[in-house]
Amino acid sequence: MSRVLNLILSHQTRGEVEWLLKWWSHCSPLENILLAYGGARENFNSLPDVQRVFIDDPRLRVAHKQRDKQSYGGVWRAAAAWLAQHPQADFTHVYFAECDQLPLIPDLANRLIGRLTQEGADVLGHGVHRIDGTSNSYYLYHIHDPCFEAFWRRISVRSDKQVVFWMMGTGSFWTRRAFLAVASQHEEIKAYVEVYLPTLAHHLGFRVRDFRDQHGCVSGDPLRGLSVESARRKGCWTMHPIKDYGTVCSSPSREK
Amino acid sequence: MKMFFRSIVLRVIHWLGSDIHDVHTGQRIGRALLIPWRGRVLVLGDGLALVAQFHPQSRFTWWKRELGFTRHPEPDFPHEPGA
């Protein structure tokens, strides 16, 4: 039987985390949530009662996400260690979401598993596409470092070792096996999370696919005119970014 | 303030630029301003993942070639056995 661990990355205050957990509780029992906390240590100690891990990886806390090549490696490793410490927790999949990517439907886990099965995939991401050999800014910035290409050549099980992927880092869905394989890979290079995670999963032999019809409500910048209600009407499962919780007044349970 | 100026500059580039069409399908795949610069071509525009490719020619010419763009197909790689 499938069971999804919702791994939520947050750096927020206690009040905001309480609100976040309340929202998530409409589509997931609390025991299926693991909070990865990237904020201050003193705030971590005062968080509400929830399964949580503190992320002390300095590469999560960078001044400029893209130029400093922000990494979620610490998040992946901490969650993998937590899974290893809780063998009774029989999670088969991991859904990763940043705190400002919120679910809009109560049966998110079932929808994710259904889509993953339908795609025959190990990883689903938003906006997955190939950027190798293109004018993509992320690719051109990374390929300037000779270690980048050499790393993929060394670890890849694929015949074409030059393939580089990009996907949005705000939300992705993983089989437990793929998630743990990526977490256990020694992070030898500096690469931005949105390039590193999908490319590593691909070169380790996992099938990475796009969420396809689930792009309408997930964007790097706020989408003009899009509200939680209009996102639901568009059939979106999640929405990003929702920065101001004060403007969101309804919950996923209203979808029922 | 920096983001404001960035968006203004991008709007100007968008206005001055031209549509980029896939050399194979003719489909519009973006918009960019192309400027020859010191033996290279500057591609100005936001969020493009273009693969540069010379256009096949139906007529033999000595003096003219067309450099166009295409995109990678959607990633559809299989799960590797053993992964």
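Let's start where the two chains meet: the contact takes 19 residues from chain A and 14 residues from chain B. On the chain A side, strand 7 (129–130) and strand 10 (208–210) each supply at least two of the residues that touch chain B. Sort that side of chain A by character and you get seven nonpolar, seven polar and five charged residues. Keep in mind that you're looking at a predicted model.

Now to chain A itself, and its sheet. Seven strands form an open sheet in the order 3-2-1-4-9-6-10, with mixed pairing. Strand 3 (52–54) and strand 10 of chain A sit at the edges with a single partner strand each, so one side of each has no neighbour in the sheet. From one strand to the next, the twist averages 20 degrees. Strand 10 of chain A is worth a second look, since this edge strand also supplies at least two residues to the side that touches chain B.

Further into the strand order, strand 1 and strand 4 of chain A run parallel to each other and are joined by six bridges. To find your place in that pair, look for Leu5(A), which stands opposite Val94(A) in strand 4 of chain A. Helix 1 (residues 14–24) of chain A packs on this sheet, where it touches strand 1 and strand 2 (33–37) of chain A, and its direction makes about 155 degrees with that of strand 1 of chain A.

Which residues of helix 1 of chain A are buried? They are Val17(A), Leu20(A), Trp23(A) and Trp24(A). Looking down the axis of helix 1 of chain A, you'd see these buried residues fall within an arc of 120 degrees, so they line one face of the helix. That set packs against strand 1, strand 2 and strand 5 of chain A. Over on the other side of helix 1 of chain A, Gly15(A) and Lys22(A) are exposed.

Helix 4 (residues 108–119) of chain A can be read in a similar way. This helix has 12 residues and reaches 16 Å from its first C-alpha to its last, close to the 16 Å expected at 1.5 Å a residue. Its buried residues are Leu108(A), Ala109(A), Leu112(A) and Leu116(A). Why do they line one face of the helix? Seen down the axis of helix 4 of chain A, the buried residues fall within an arc of 100 degrees, so one face is where they end up. Their cover includes strand 1 (4–10), strand 4 (93–98), strand 5 (102–103), strand 6 (123–125) and strand 9 (171–175) of chain A. On the other side of helix 4 of chain A, Gly114(A), Thr117(A) and Gln118(A) are exposed. Just after helix 4 of chain A comes Gly120(A), with a positive phi near 60 degrees.

That leaves chain B, which has an open sheet of three strands in the order 1-2-3, paired antiparallel. Strand 1 (18–21) and strand 3 (40–44) of chain B are the edge strands, each pairing on one side only. Here the twist averages 55 degrees from one strand to the next. Strand 1 and strand 2 (residues 28–37) of chain B run antiparallel and are joined by four bridges. If you want a pair to zoom in on, take Ser18(B), whose bridge partner in strand 2 of chain B is Ala32(B).

Notes: Residues numbered from 1 in each chain as written. Chains lettered and ligands numbered in written order. Predicted model: local features only at pLDDT ≥ 70, side-chain atom pairs only at ≥ 80, totals over all residues. Pairing = 2+ DSSP bridges. Axes fitted to C-alpha atoms, helices over the stretch in contact; angles between N-to-C directions. Contact = placed C-beta atoms within 7 Å. Nonpolar A, V, L, I, M, F, W, Y, C, P; charged D, E, K, R; others polar. Expected span 1.5 Å × (residues − 1). Buried ≥ 20, exposed ≤ 12 C-beta atoms within 10 Å, placed from the backbone. Arc of directions from axis to C-beta.
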